Each structure stands twice: as C-alpha cells, then as structure tokens.
Amino acid sequence: MNLEKICVLGLGYIGLPTASTFASHAVKVIGVDVNPHVVQSLQNGILHIYEPGLRTIVQAAVQSGNLVIKPQPEAADAFIIAVPTPFKDSKKADLAYVEAATESIVPFLRPGNLVILESTSPPLTTINVVAPILEKSGLKAGVDFKLAYSPERVLPGQILRELIENARVIGGINQESAEAGRDLYRIFVRGDIILTDATTAEMVKLMENTTRDVNIALANEFSRLADRFGVDVWEAIQIANLHPRINILSPGPGVGGHCISVDPWFLVEAAPDITPLILSARQVNDEQPTFVVDLLKRVLGKPLAESSIAILGLAYKPNVDDMRESPAVEITQHLIKAGAQVKAHDPFLPGKEIQGIQTTNTIEEAIQNVDVLVLLVAHQQLKDLTAEKIKAANANVIVLDTVNAWTIESFNDTGIKLYKLGVGK
Ligand code: SAJ
C-alpha cells in the first residue's frame, strides 16, 4: 500500500520517537498532540521530554520538513495512535485519550487507509472500542480500511535503539491489516516482525509487563525475607542466579513508571475472578515503599518528625528523568507528610519542584546536615558517589541504600554506617 504520509497521534515518550524515526526514513509525518504547549515547543525544536538521542533526531526531522507538528490530524495514508492509557483511581483503564484520538481521525479516514493502535490497552480494545469509533466514518473496518494493534515495547532510556532493533508484533483485525502494518513498520524496524491477530497482540504486551511485575514482586518479597532472617538478599540472588534456569530480578523501593505498575491492572480489571496472582503481585509492589519507610524508621531509631533526611534519586528508575508513578516520589512525599526535614536531589532534575518536592542543585547540598541519606534510584551519577565524597559532605550521616549501588566494604574505613534494603545481617 501507499505509505508516503503518516499521521502520529500523541507526541510523548512513544509517539515522538516513532514520528521522528519515520521522518528520518523519508516518510512525511504529521505529528499531532492535543497539548498546545507541546505543539508550540516542538515547532520550535524544544523537547518537553528527555530521552537519550531524541532531541537530535527530532530537530533534524523538523528541520528537514519531514516532520510537521500540528494540533489536529489531517488526511494521510496511515494513522498511528500512541496516546497514554492511564488508569483511574479505581485501577480501571482510562481509555479517554484513545477514544478522543480515534474520534479525531474519523473526519480524515479514507478508503484504503491503515490505522494502528500502539497504546497499551485492555484485551479487545481494538475490536470493541477503536473499530466502532472509526466506523462512524461510514467505512467498514477490515473492508474499507485496515486496522491493527501493534504494541510499543521499547525500554525508556533505550527507546531509539529498541524501536529499530526489537521484534515488532502486529495484530491485524484481519490478515490484510496485519500485512499492511508490516509494510509500515518495515520502513525502519530491523528486528523480526511477527503477524498475529489484534487481541493476541494486546495480550502479548500485557503478559510481558505482567511477567516483569510478578517477578519483581517476588524479588521484593525475598528482600523482606532476607531482612527477617539475617541474610544479604543481593548475595543470595547472585548465587541463586547461577542456576541455569533461575533469573531473579532485583528488589528495590517499588515498581514505578507508566507501564509495569499500570498494565497488570488491565488484566485484573478485565477478569478479576481469574487473576489472584497478578493482583497480589501488584499489591506487593505497591506496598514496597511502605516497607522502605519502615526500614528507614528502624535505621533512624527515632521518629521521622525529629529526623532530617537526604533523598537521592526521584525518578521511577535509573538514568531517566521520568517521575511517573515513581516509588521514590511516593516515599519522599510520605516522609515530608510525617514531618521529617527532607532535602531531595535528582541529577536529572536539579533545582526543580517535583510534585511538591523541592530538589537541591547539588548532591552535596542535599547531604549536608542530615541524619540519614537514602538512595532510592541507581542513577549512574549517584552510583559514582563514593563513600569518601559522602564523608566530606557529612561525616556523621547514616546511609541507607535501597538499590544495591554501594558495597558495605567501601564504607568500612569511613566510619559511616551503610544499611541496605534486604540485608538483615
Ligand atoms: N524494577 C525493579 N527491579 C528490577 C527491574 C525493574 O524494581 O529488577 C523497577 C524499576 O526500578 C522501575 C520498574 O520496575 O520502577 C519498571 O522498570 P523496567 O525497567 O522494568 O520497565 P519500564 O517500565 O521502564 O519499561 C517496561 C519494559 N517492559 C519489559 O521489560 C517487559 C519495556 O520493554 C516496555 O516497552 C515498557 O515497559 C512499556 O512501555 O510498556
């Protein structure tokens, strides 16, 4: 099919890299976002999100004229929907953005077009939600236009590489739709392209992130057990992982981000009567920040309200600036609410206000004159922080490392006491 011009709806962490990658492969791309600030700043080559390498490729795409940023869609050969699917307080998927983006395509839909949904969605969304909206155009899905679900599966921090190299799943509502999707993504995807049906593709995406969530929950429970039984969980995991069929993930302060902490709920919501394990894993990971706060209270040996605390790392995971659903933010907010004097620093967002938390400009500023330093994210800059540097900023501080960034031995000669999550020794 003709694929000279495509329209990408939603210019966030997935839509923007996708739009600019197509544009850098000589496709005319209309990048659409409903947020006027996003449209305006991207038109001026300013990015509203951070992802390694993204600024260069977006600016080049805009300058070449292949990527044009607009507030609404226009006629194109293919439409890609890459808007967020958050959840409501009730943990039910909020499909409002998907529905609105789909509605916005309707006036521009033409016979022969291809529409792809990339947003992570509950099973049957493509068939039961997207197709009926598009059919308001008077065109029939699978007959007059093609429709497929193709989940994004790229890792924040590595998006541009994984977009090209990862295997791509394309689930068509019929074979012709899947094949049209393959022709589209083949423009830049070097990994395998696997064709299946739309609902299988939706399930594949949810199963991947759920598997990771359940495995992290298990690692987090192991950290609690190790704490209770006087074991170093990091050592135990390292030894267990020598077994050829075992691969335990890492415990930490909790599971954040917009994917793994959200997607399993879509399965629980869709079939609560048959998903007790998935629900339980979600609950374990959601409780992990509380476990860390309790551990911190034990380390401090005095009430939070009488303590001064330095928090290092606020992002949801290492080496990204993304704070969505971040357990580090949740822990910090909890400590502030409990009356502790808190100074926080994140190397990706120095000197900013983040969800009610003011960050310091430097690491040293955060560490000076506090009782305890809590490391919540293993950003490279924070891993590189040595025991000597910590001592130079605050010789009396106690350190709690929740992400296994530092070794107890490296603190031995400093007189500083290092505690670690999951180390009950
Ligand atoms: N985490 C742990 N322990 C681990 C690994 C991760 O506590 O051993 C925590 C992280 O700190 C973070 C959270 O889990 O808070 C999620 O991080 P992540 O790196 O596992 O995943 P995401 O959310 O950044 O990206 C995931 C990826 N999915 C899988 O690896 C199966 C990515 O490929 C998906 O494209 C992305 O979700 C998405 O958009 O769905």
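The domain bounds used here come from an automatic or database domain assignment, and they are applied to a predicted model. On that assignment the protein is divided into domain 1, which covers residues 5–191, and domain 2, which covers residues 198–425. If the centre of each domain is taken over its C-alpha atoms, the two centres are separated by 33 Å.

A useful next step is to look at where these two domains meet. On one side 28 residues of domain 1 take part, and they are in contact with 26 residues of domain 2. Between them the domains bury about 2300 Å², and 64% of this area lies on carbon and sulfur atoms. Within domain 1, the residues that lose the most area to domain 2 are Phe87, Lys91 and Pro123, which together account for 23% of what that side buries.

The meeting of the domains also involves polar and charged groups. There are 9 residue pairs in polar contact between domain 1 and domain 2, counting pairs in which both residues have a pLDDT of 80 or more. Turning to the parts of domain 1 that touch domain 2, the elements that give two or more residues to this side are helix 5, at residues 125–134, and strand 7, at residues 168–172. Sorted by character, the residues on this side of domain 1 divide into 16 nonpolar, 8 polar and 4 charged.

How many salt bridges are there between domain 1 and domain 2? The count between the two domains is 2, while the structure as a whole holds 16 salt bridges. One salt bridge in the model joins the side chains of lysine 205 and glutamate 152, with 3.4 Å from N to O. This pair links distant parts of the chain, since lysine 205 belongs to helix 8 (residues 198–229) and glutamate 152 to the loop between strand 6 (146–149) and helix 6 (159–165), with their positions 53 residues apart in the numbering. In another salt bridge, the side chains of glutamate 208 and arginine 153 meet at 2.5 Å, again from N to O.

Lysine 205 and glutamate 152 appear once more when we turn to the ligand. Of the 20 residues that surround the ligand, the closest are Glu152, Val154, Lys205, Arg212 and Tyr316. An N or O atom in the side chain of lysine 205 is 2.4 Å from an oxygen atom of the ligand, and for the side chain of arginine 212 the corresponding distance to a ligand oxygen is 2.5 Å. Lysine 317 also has a polar side-chain atom that lies 2.9 Å from an oxygen atom of the ligand.

Technical notes:
Residues are numbered from 1 along each chain as its sequence is written. This is a predicted model: local features need pLDDT of at least 70, side-chain atom pairs count only at pLDDT 80 or more; totals for chains, interfaces and linings use all residues. Side-chain values use heavy atoms; hydrogens and water are left out. Contact means heavy atoms within 4.5 Å. Buried area is the accessible area (1.4 Å probe) that two parts lose on being put together, summed over both. A salt bridge is a side-chain nitrogen of Lys or Arg within 4 Å of a carboxyl oxygen of Asp or Glu. A polar contact is a pair of N or O atoms within 3.5 Å; within protein, one must be able to donate a hydrogen and the other to accept it, and residues adjacent in sequence count only if both atoms are side-chain atoms. Helices (H or I, at least four residues) and strands (E, at least two) are DSSP runs, numbered from the N terminus. Ala, Val, Leu, Ile, Met, Phe, Trp, Tyr, Cys and Pro count as nonpolar, Asp, Glu, Lys and Arg as charged, and the others, Gly among them, as polar. A residue is near a molecule or strand if one of its heavy atoms lies within 4 Å of it.
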